[in-house]
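Visitor: Could you walk me through this model?
Guide: Gladly; here it is.

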Amino acid sequence: MNMYDIIEKKRDFHKLSKEEIEYVVNGYVDGSIPDYQVAAFLMAVFLNKFDIDETFYLTDAFIDSGHTIDLSEIKGIKVDKHSTGGVGDKTTLVLGPMVAACGVPFVKMSGRGLGHTGGTLDKLESIKGFDFEISIEEFIKNANEIGMVIASQTGDVTPADKKFYALRDTTATVDNLSLISSSIMSKKLATGADGIVLDVKVGSGAFMKNIEDAEELSHLMIKLGEKYNRETMAVISNMEQPLGLAVGNSLEVIEAIETLRGNGPEDLVELCYRIGTKLLLIAKVAKTDEEAHKMLEETISSGSALEKLKEVVVEQKGDVRYIDDYTLFPISKNVHEIKAKESGYIKSLNALAIGKISQSLGAGRETMETELDLGAGVLLNKKIDDYVEKGELIATLYTNKEDVNEAIEHFYEIVEIGEKNPVPQKIVLKEID
Ligand code: URA
């Protein structure tokens, strides 16, 4: 077997065998196959596609490239959720405590953000001291004692995906359904929750730009989950505009805490209830959607979800005073208001553009080495379909950078104000069980 023949085979639209795909993955990880050949291979896959078998083989090879984590010592049906990446997506910080407060272990290994999408670990880092570098023993202990744990993904899990993802990121081969689903599901399957709900984002701020692709991606990931006996469901959600009102690390954590206090923005709250309902059904603590919804509501009205978040922060060495005193969070000192230049309805607030503006203010990374400004970001006052009067506040930009004229101009360019949209925005576009 040699790499040249495999690239040629995929280039010419032929199906690859399990052995050929393993050969590529193992050879790239051990350094015997160079970047340029894997880059050519990825472009051939991107253009000519993998079928379901090839997608399974790639996922298997990613999982086999590293360690798997056995969570069988955690009592009960453990659940996890995964978002395919969006702007302002703080659902994990809201959902985790809600689900754990219902008695279901919520176990999550998270990553950092890259580009315009944020990562849960970066967000939580705005709470001083919060520690995600925890051992597997602690992970299991916290899951059993508190019911919720968030840790960083260890380097030993799916190292092949790490190398492939970095290469895809620089060779314009990220948004391919087989490559995305193998990448996401290999990490989920190697780290062991019993049930997974996927939040597949669609829209300007997401990898998937249309609902058909989002559906196909969801079905593919569900099939991968089923192959490994993990109950997997998907919610396809709207990423045309940011989720909620806050984009940026501290700003998003504060919004998540407010949501746990019952003051969350409508779209975020609805999405958390839909995903949370599925997680409770998978965990078999509720039999119907209504029952699950009621249990989740109770965690907000009784304050038990907020208490759960506090327990997690204490257990993972974070400063718990932050939860009740938002002035402790880092918030950037330069504040710029964006005011409506005319009256009318907000017609569009492009999520990708707002993600990139927030990134340019210091909230996101350009490269993995970039140091984040945890207090930077965008706080929206209005969302699509809201009415604004001329001069009314649409958003506030936070940054520690001195020169942000470009970001301000860009924001004015992307806010479209005009007639009311004929069809109102919906947050949940489809559910796949
Ligand atoms: N997230 C991942 O982990 N992998 C992808 O390929 C896309 C999003």
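Visitor: Into which domains is the protein chain divided?
Guide: This is a predicted model, in which local features need pLDDT of at least 70 and side-chain atom pairs count only at pLDDT 80 or more, while totals for chains, interfaces and linings use all residues. Residues are numbered from 1 along each chain as its sequence is written, and side-chain values use heavy atoms, leaving out hydrogens and water. The bounds come from an automatic or database domain assignment. The chain is divided into domain 1 (3–48), domain 2 (79–324) and domain 3 (329–418).

Visitor: Which three residues supply 55% of the area that domain 1 buries against domain 2?
Guide: About 1100 Å² is buried between domain 1 and domain 2, with 81% given by carbon and sulfur atoms; buried area is the accessible area (1.4 Å probe) that two parts lose on being put together, summed over both. More than any other three residues, the 55% share is supplied by Y28, L42 and F46.

Visitor: How many salt bridges are there between domain 1 and domain 2?
Guide: A salt bridge here is a side-chain nitrogen of Lys or Arg within 4 Å of a carboxyl oxygen of Asp or Glu. Between domain 1 and domain 2 the count is zero.

Visitor: Which helix gives the largest share of the side of domain 1 that touches domain 2?
Guide: Helices (H or I, at least four residues) and strands (E, at least two) are DSSP runs, numbered from the N terminus. On the side of domain 1 that touches domain 2, α2 (18–29) and α3 (35–48) each supply at least two residues. The largest share, seven residues, comes from α3.

Visitor: In the open sheet of four strands, which strands stand at the edges, and why is one side of each left without a neighbour?
Guide: Two strands pair if DSSP finds at least two bridges between them. The order is β6-β9-β11-β7, with antiparallel pairing. Each edge strand has a single partner, so one of its sides has no neighbour in the sheet; these strands are β6 (246–247) and β7 (334–339).

Visitor: Which residue in β11 stands opposite G377?
Guide: Strand β9 (residues 377–380) and strand β11 (residues 393–399) run antiparallel, joined by four bridges. Opposite G377 in β11 stands Y398.

Visitor: And in β12, what is the bridge partner of Y345?
Guide: Here the open sheet has three strands in the order β10-β8-β12, paired antiparallel. Strand β8 (residues 344–349) pairs with β12 over four bridges. The partner of Y345 in β12 is G418.
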